[in-house]
Amino acid sequence: MSLAGRQVLLGVGGGIAAYKAAELVRELSKAGAEVRVVMTAAAQKFITPLTLQTLSHHPVGVDTFDLQQESTISHIDLADRSELFVVAPATADLVARLALGMANDLLTTVALACRAPLVLAPSMNVNMWQHPATQVHIQTLRGRGVRMIGPDAGDLACGWVGAGRMAEPSEIAAGCATVLGETQTVTQDWAGLSVLVTAGSTREAIDPVRFIGNRSTGKMGFAIAKAAAARGAKVVLISGPSELATPAGVERINIESAVEMRDAVMSRADVQSAIFKAAAVADHRPAQVALQKIKKQGAASSLELQANPDILAELGVRKFGRVRPVLVGFAAETTDVERHAREKLARKHCDLIVANDVSEAGSGFGTDTNRVMLVSEGGVDRLPLLSKDEVAHRLLDRVRSLVKSA
Ligand code: CTP
């Protein structure tokens, strides 16, 4: 994501790292952003407004009640026109005031009036950073969706060693680009369409304590649900146990076993335009679930298994009330990826298989990236190594064209 042409507001707090604000203005400008700066009174003890004004080519805001500044650009205009507000360094005092929603200087007033995403680069002494008061404020801010970049650990200007050093300006600029990328308005090409996504692993109970599971974390499925919702689809996400947060605007149904997943999928299948079966469903479950915890003494040395329903295969032959949804299966393989994918495409009667080699670096379970191939009757489309969010969007592009012709 580039910062070209984006309006970035930089708030500078009064800490020793304020001198790095000059470098940050340069990094942001170099990446193409139009940078405006506001400073606290304390920040001006460490670096002059003139320095930042020269580098940003805009007047620097220092005082809420400065008549001349308010006539050039008011503090509310400053808040309204910004696409991102980054505070660096965010001192302990600023973190506290931002968490409490105070508006007792220009920087905090603009922060309260600003609806753009807020990014903080904390910088302070290690004991101030670790103080429970600061940590509570950080949690409060995170809970409101504020992004933190750093602090890094290392030698601190105060002589202590530990967490508290402001992240490098290049890292802060890159973080700003990422946040702006996430909030970029995306095309609403899935508006009016319904999508069902399954994600994560299933758990097949052995007894009340143990289960058979697998390594799937749900990241790919959650990324698809998030991307589809962002593009306007009505999304239902049927998920196995997962730590991941439900994406905004997505209806989530939690299940544990393959049988529960099957029931949830079938109850919602008929109204969908597309179904993405990203979940790693256990092929088998214990034939008997012990009602009490199995004790070591006298436990059988083998487990009898029975086959689980194959949900995707069942969807493939289902008689749908209306138009058949586009069926997308997933194949996580360790050998002969394309051959296995083609075989699954035919055997499960689906429209597309998203296949990947989970033994390849960057493509395994739990990673944030994936290198996939999209296998259909028409051929194979190999995508490069991409973030899972990016894969989700590329996949939605492809499937959207299939929905149109359905
Ligand atoms: N799938 C399913 N129900 C199952 C097993 C798999 O819906 N009981 C779906 C998965 O969600 C995935 C696709 O089928 O979209 C392929 O899953 P995979 O486990 O690779 O397929 P299997 O048929 O189990 O093939 P194999 O284990 O032999 O690789």
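Reader: Over how many bridges do strands S1 and S2 pair?

Author: This is a predicted model. Strand S1 covers residues 7-12, and strand S2 covers 34-39. One pair of bridge partners is Leu-10 and Val-37, the latter in S2. S1 and S2 run in the parallel sense, and their bridges number six.

Reader: Which strands are the edge strands of the open sheet?

Author: Five strands form this sheet, with parallel pairing. Their order is S2-S1-S3-S4-S5. An edge strand here pairs on one side only. That holds for S2 (34-39) and S5 (147-148).

Reader: How far apart do the C-alpha centres of domain 1 and domain 2 lie?

Author: Domain 1 spans 7-181. Domain 2 is made of two stretches, 194-283 and 306-400. Between the C-alpha centres of the two domains lie 41 Å.

Reader: Which residue of S11 is the bridge partner of Ala-199?

Author: Strand S8 (residues 194-199) pairs with S11 in the parallel sense. Six bridges join S8 and S11. S11 covers residues 234-239. The partner of Ala-199 in S11 is Ser-239.

Reader: And which residue of S12 is the bridge partner of Leu-237?

Author: S11 also pairs with strand S12 (residues 251-254). The sense is parallel, over four bridges. In S12, Leu-237 has as its bridge partner Arg-252.

Reader: How many residues of S11 are buried?

Author: Buried means under 20% relative accessible area. S11 has six residues and is mostly covered. The buried ones number five.

Reader: Which residues come nearest to the ligand?

Author: There are 13 residues around the ligand. By class, six are nonpolar, one is polar and six are charged. The nearest are Lys-277, Ala-279, Asp-283, Lys-344 and Lys-348.

Reader: Where does the ligand lie 3.5 Å from a polar side-chain atom?

Author: Some contacts use the backbone instead. A backbone N or O atom of Ala-279 lies 2.8 Å from a ligand oxygen. A polar backbone atom of Leu-312 is also 2.8 Å from an oxygen atom of the ligand. The side-chain contact at 3.5 Å goes to a nitrogen atom of the ligand, and its residue is Asp-310.

Reader: What share of the ligand's accessible area does the protein cover?

Author: On its own, the ligand has 570 Å² of accessible area. The protein covers 78%.

Reader: Which elements give two or more residues to the shell around the ligand?

Author: Two are helices and one is a strand. The helices span 311-316 and 337-347, and the strand spans 326-333. In sequence order they are H12, S16 and H13.

Conventions. Residues are numbered from 1 along each chain as its sequence is written. This is a predicted model: local features need pLDDT of at least 70, side-chain atom pairs count only at pLDDT 80 or more; totals for chains, interfaces and linings use all residues. Side-chain values use heavy atoms; hydrogens and water are left out. Buried means under 20% relative accessible area, exposed over 50%, partly exposed in between (1.4 Å probe, protein chains only). Two strands pair if DSSP finds at least two bridges between them. Domain bounds come from an automatic or database domain assignment. A residue is near a molecule or strand if one of its heavy atoms lies within 4 Å of it. A polar contact is a pair of N or O atoms within 3.5 Å; within protein, one must be able to donate a hydrogen and the other to accept it, and residues adjacent in sequence count only if both atoms are side-chain atoms. Accessible areas come from the Shrake-Rupley method with a 1.4 Å probe; for residues, only the protein chains shown count as cover. Ala, Val, Leu, Ile, Met, Phe, Trp, Tyr, Cys and Pro count as nonpolar, Asp, Glu, Lys and Arg as charged, and the others, Gly among them, as polar.
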